[in-house]
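Trainee: I am new to this one. Could you take me through it, step by step?

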Amino acid sequence: GCAISQSSASMMTEAVKGLELDDADGLAKAFREYMTGHVDHPERDLGDLEVLDGVRKFPVRVKCATLGWNTLQEALKEFRSGEKSGSVVVDEAEVIAFADVTGDSFKLAREAAARPEAEYIVFCGVHFMAEAADILAGPHQQTILPNMEAGCSMADMASDPDVRQAWRELGAHYGGTDDIIPVTYMNSAASLKAFCGEHGGIVCTSTNARQVLDWSFARREKVLFFPDQHLGRWSGYMIGIPPDEMLVWDFDEPLGGLTPEQIRKARVLLWKGHCSVHQMFQVQHVLNFRAAWPEGMVIAHPECNFEVCKLSDYVGSTDFIIKTIMESKPNTRWLVGTELNLVNRLAEAVKPQGKVVQFMAPTVCVCSTMARIDPQHLAWTLENLVDGKVVNRISVPEREAESARVALKRMLEVV
């Protein structure tokens with residue numbers, strides 16, 4: 001779009017943050033009426049949007065300025081009118097104002113599936129999340145991802161062919177795989193969840209990884225954990241497994257870069273995968289914070305490296321981080337090792353309580369793939385639904401989905 005439409009849409013996303021849907025709709029109405037000349041003075045304070053006042057003199061450009069507002073207002077109105085039934089589930093800051101459900105990946109998938117009245121599930125997250133929603137959804141529901149380029153680099157580090165090759169190598173050099181159980185993080189492709197379902201394995205989240213490992217070792221001697229080595233290492237450490245019994249499987253090397261003797265002694269084989277955002281956080285960041293704020297608290301996501309987790313006061317999932325800080329005493333200070341947008345939202349939420357929440361790294365590193373879900377793609381998706389067209393549907397083949405559901409069901413039985 002032109003610069004005016006892009007600027008207006010960008011300001012729109014800022015203006016509606018934190019508003020109830022009715023209030024956001026009222027703001028859109030006031031902005032449109034003012035820009036189109038229906039009123040000489042806006043019915044409400046438009047704030048920074050008033051910088052677009054000069055555009056009113058040019059009717060063609062008024063269409064540009066109101067494009068984003070028109071699309072979102074009309075699409076959401078018709079989407080919820082009963083003509084189309086659906087839920088918008090999101091995990092990205094700029095579109096949260098338009099969401100029915102927010103949360104982490106597994107929570108969103110379960111919440112979407114728990115709304116059988118929703119014919120359409122518009123999943124504003126990344127690809128593996130939408131796949132999980134489709135796996136758990138009913139046969140009458142259709143899952144949509146507004147931007148098909150919204151992926152996850154960590155999930156992509158473990159491909160189905162590579163995992164199956166590793167499984168074959170382990171079977172050949174370890175004398176079979178009867179004593180090995182595959183465990184995949186929720187942040188993985190549907191094909192890997194299906195692989196686990198087919199081989200007696202299970203899915204885990206950052207919340208329940210420890211319990212899942214306990215379940216696994218009650219059944220077999222070894223675990224092949226993918227795709228995030230750091231979550232696997234921290235979770236293994238928390239159930240008492242020494243670091244030297246958790247070895248990294250390098251999928252680019254024959255036999256994972258390990259000797260048969262190393263494999264025999266290892267209890268956990270950690271896939272060589274990681275989250276680039278969480279690897280930005282370093283030990284020195286924690287030490288600098290401790291020196292400046294001795295009374296401060298450090299909380300990290302288990303996708304961070306092992307040394308950062310060991311230095312932290314708390315380690316846990318996204319929901320755990322939010323809950324811990326929200327329930328902490330007023331006027332406390334927190335250093336948080338997780339995705340920047342979440343840290344910023346959390347900082348704003350607890351500011352009235354005198355709490356200070358800061359991002360762990362001095363440099364900015366955002367999840368660029370998650371950021372590909374924006375208001376423009378959401379508006380385009382909903383507008384197509386209003387016109388009776390389903391775009392970017394995520395459809396996991398039923399045979400694959402059936403095996404993946406087996407692994408997910410095992411996880412649900414554990415926790």
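What follows is a short exchange on the whole protein, one sheet and a few backbone details.

Trainee: How many helices and strands does the protein have?
Mentor: Keep in mind that this is a predicted model. The secondary structure of the protein comes to 17 helices and 14 strands.

Trainee: What does the radius of gyration say about the protein?
Mentor: The globule rule gives 22 Å for 415 residues. The protein comes close to that, so it is as compact as a globular protein of that length. Its radius of gyration is 24 Å.

Trainee: What share of the residues is buried?
Mentor: Buried means under 20% relative accessible area. The protein has 415 residues, and the buried ones make up 51%.

Trainee: In which order do the five strands of the open sheet lie?
Mentor: The pairing in this sheet is parallel. Its edge strands, β6 (202-204) and β8 (246-249), each pair on one side only. Neighbouring strands are turned by 30° against each other on average, direction ignored. From edge to edge, the order is β6-β5-β7-β9-β8.

Trainee: Which residue in β7 is the bridge partner of Pro182?
Mentor: Strand β5 covers residues 180-185, and β7 covers residues 222-226. The two run parallel and are joined by five bridges. In β7, Pro182 has as its bridge partner Leu224.

Trainee: Which strands does helix α8 touch?
Mentor: Helix α8 spans residues 190-198 and packs on the sheet. Its direction makes about 155° with that of β5. The strands touched by α8 are β5, β6 and β7.

Trainee: Which peptide bond is cis, the one that leads to Pro227?
Mentor: Most peptide bonds are trans. Pro227 is found in the loop between β7 and α10 (229-238). The bond leading to Pro227 has omega near 0°. That cis bond runs from Phe226 to Pro227.

Trainee: Is Leu255 buried or exposed?
Mentor: Leu255 lies in the loop between β8 and α11 (260-265). Its phi is positive, near 55°. Buried means under 20%. Leu255 has 8% relative accessibility, so Leu255 counts as buried.

Trainee: And Asn331, buried or exposed?
Mentor: Asn331 sits in the loop between α14 (318-326) and β12 (333-337). Phi of Asn331 is positive too, near 65°. The cut-off for exposed is over 50%. At 62% relative accessibility, Asn331 therefore counts as exposed.

Key:
Residues numbered from 1 in each chain as written. Predicted model: local features only at pLDDT ≥ 70, side-chain atom pairs only at ≥ 80, totals over all residues. Heavy atoms only, no water. Pairing = 2+ DSSP bridges. Helix = DSSP H or I, 4+ residues; strand = E, 2+ residues; numbered from the N terminus. Axes fitted to C-alpha atoms, helices over the stretch in contact; angles between N-to-C directions. Contact = heavy atoms within 4.5 Å. Rg over C-alpha atoms; globule rule 2.2 N^0.38 Å. Buried < 20%, exposed > 50% of the residue type's maximum accessible area, 1.4 Å probe, protein only.
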